[in-house]
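Please work through the exercises below with the sequence and the structure in view, trying each task before you read its solution.

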Amino acid sequence: MNFTVINRDLQVGDVHIIAVTSSAVFLIGDADMINVASAFDTPPEALIIGPLVPLTPRG
Amino acid sequence: MVQLVHNELTSFSAVLQIGDSKEITSRAKVLAVQRQQELFFGNEGEGNFPLFTNPIPRLAMDTTSWQMNKLNESPAISVRTIRVLAISFSSVVHIGSTSTIDTEARVKHTRQLAANSGAKPALIAPQSSIRIIKDESSCLQ
């Protein structure tokens, strides 16, 4: 597959973003390849009510 | 040409790039623990949590099957204002061209509350049934 990109005049005015986070990409320009991944884990058992014990990994 | 970039916070493997780049690889592994009391055990995070080791499926791209031709007729990128409050956790803010961006963020978030903290039970104990009581006396006011 042949893919041709012609970059003519690129003008950006005002951009206002609160946050770019967790593997997000904000790009003005061009790229060949973008590969992003994000894993966020806060399961029900992540809310622990009880004695404040150290965290230990569990399956 | 960039006139103004306003950024308060760039943290946790985040990248703010003005200009061209070739390859950006960024990784963040975060163990976020919120405790009701100020307490930190120094060896926490040394354990191997599955979230941090499990492979994340990635799209394998065959870069030989396609060809991209770029013609920069106008080489300049003109930006007036960029305001980004925070860039965080393996994210990228990039003004300019790049070839490859590869990022990965893994966040494990845990909250610990003390059992007898005097907090309202409804906030911390899951209830088996939900009861909605209409307070008619207050509605009439």
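**Exercise 1: A residue of chain B and its surroundings**

Task: decide whether B:Arg35 is buried or exposed, and describe what lies around this residue.

Solution. Begin with the accessibility in this predicted model: B:Arg35 has a relative accessibility of 15%, and because buried means under 20% relative accessible area, B:Arg35 counts as buried. Next, place the residue in its element, which is strand S3 of chain B, covering residues 23–35. Then list the contacts beyond four places in sequence: from chain A these are A:Leu52, A:Val53, A:Pro54 and A:Leu55, and from chain B they are B:Phe40, B:Phe41, B:Glu44 and B:Gln112. One of these, B:Gln112, also has a polar contact of 2.5 Å with B:Arg35 through the side chains. Finally, consider B:Arg111, which stands 76 residues from B:Arg35 along the chain, although the C-alpha atoms of the two are separated by 5.9 Å.

**Exercise 2: A threonine in strand S7**

Task: find which residues of chain A and chain B are in contact with B:Thr110, leaving aside its neighbours within four places in sequence.

Solution. First locate B:Thr110 in strand S7 of chain B, which spans residues 100–113. The relative accessible area of B:Thr110 is 3%, and this residue is buried. The contacts can then be sorted by chain: A:Ala46, A:Ile48 and A:Leu55 come from chain A, while B:Ala32, B:Val33 and B:Gln34 come from chain B.

**Exercise 3: A sheet with strands from two chains**

Task: work out in what order the three strands of the open sheet are arranged, and why one side of each edge strand is left without a neighbour.

Solution. The order is S3(A)-S6(B)-S2(B), and the pairing is parallel. At the edges stand strand S3 (25–28) of chain A and strand S2 (15–18) of chain B; each has a single partner strand, so one side of each is left without a neighbour in the sheet. Neighbouring strands of this sheet are turned by 0° against each other on average, direction ignored. To follow one pairing in detail, take S2(B) and strand S6 (residues 92–95) of chain B, which run parallel and are joined by four bridges. Within this pairing, B:Gln17 has B:His94 in S6(B) as its bridge partner.

**Exercise 4: The interface of the two chains**

Task: describe how many residues of chain A are in contact with chain B, and which parts of chain A take part.

Solution. Start with the chain itself: chain A contains zero helices and five strands, and 32% of its 59 residues count as buried. Turning to the interface, 56 residues of chain A are in contact with 68 residues of chain B. The two chains bury about 5,600 Å² between them, with 53% of that area on carbon and sulfur atoms. On the side of chain A, the residues that lose the most area to chain B are A:Met33, A:Leu52 and A:Leu55, which together account for 13% of what that side buries.

Now examine the polar part, where 55 residue pairs are in polar contact between chain A and chain B. Five salt bridges are found across the interface, and A:Asp32 forms a salt bridge with B:Lys70, the closest N and O atoms being 3.7 Å apart. As for the strands, S1 (2–7), S2 (10–20), S3, S4 (33–41) and S5 (47–49) of chain A each supply at least two residues of the side that touches chain B. The largest share of that side, eleven residues, comes from S2(A).

Technical notes: Residues are numbered from 1 along each chain as its sequence is written. Chains are lettered from A and ligands numbered from 1 in the order in which they are written. This is a predicted model: local features need pLDDT of at least 70, side-chain atom pairs count only at pLDDT 80 or more; totals for chains, interfaces and linings use all residues. Side-chain values use heavy atoms; hydrogens and water are left out. Two strands pair if DSSP finds at least two bridges between them. Axes are lines fitted to C-alpha atoms, for helices over the stretch in contact, and angles run from 0 to 180 degrees between N-to-C directions. Buried means under 20% relative accessible area, exposed over 50%, partly exposed in between (1.4 Å probe, protein chains only). Contact means heavy atoms within 4.5 Å. A polar contact is a pair of N or O atoms within 3.5 Å; within protein, one must be able to donate a hydrogen and the other to accept it, and residues adjacent in sequence count only if both atoms are side-chain atoms. Buried area is the accessible area (1.4 Å probe) that two parts lose on being put together, summed over both. A salt bridge is a side-chain nitrogen of Lys or Arg within 4 Å of a carboxyl oxygen of Asp or Glu.
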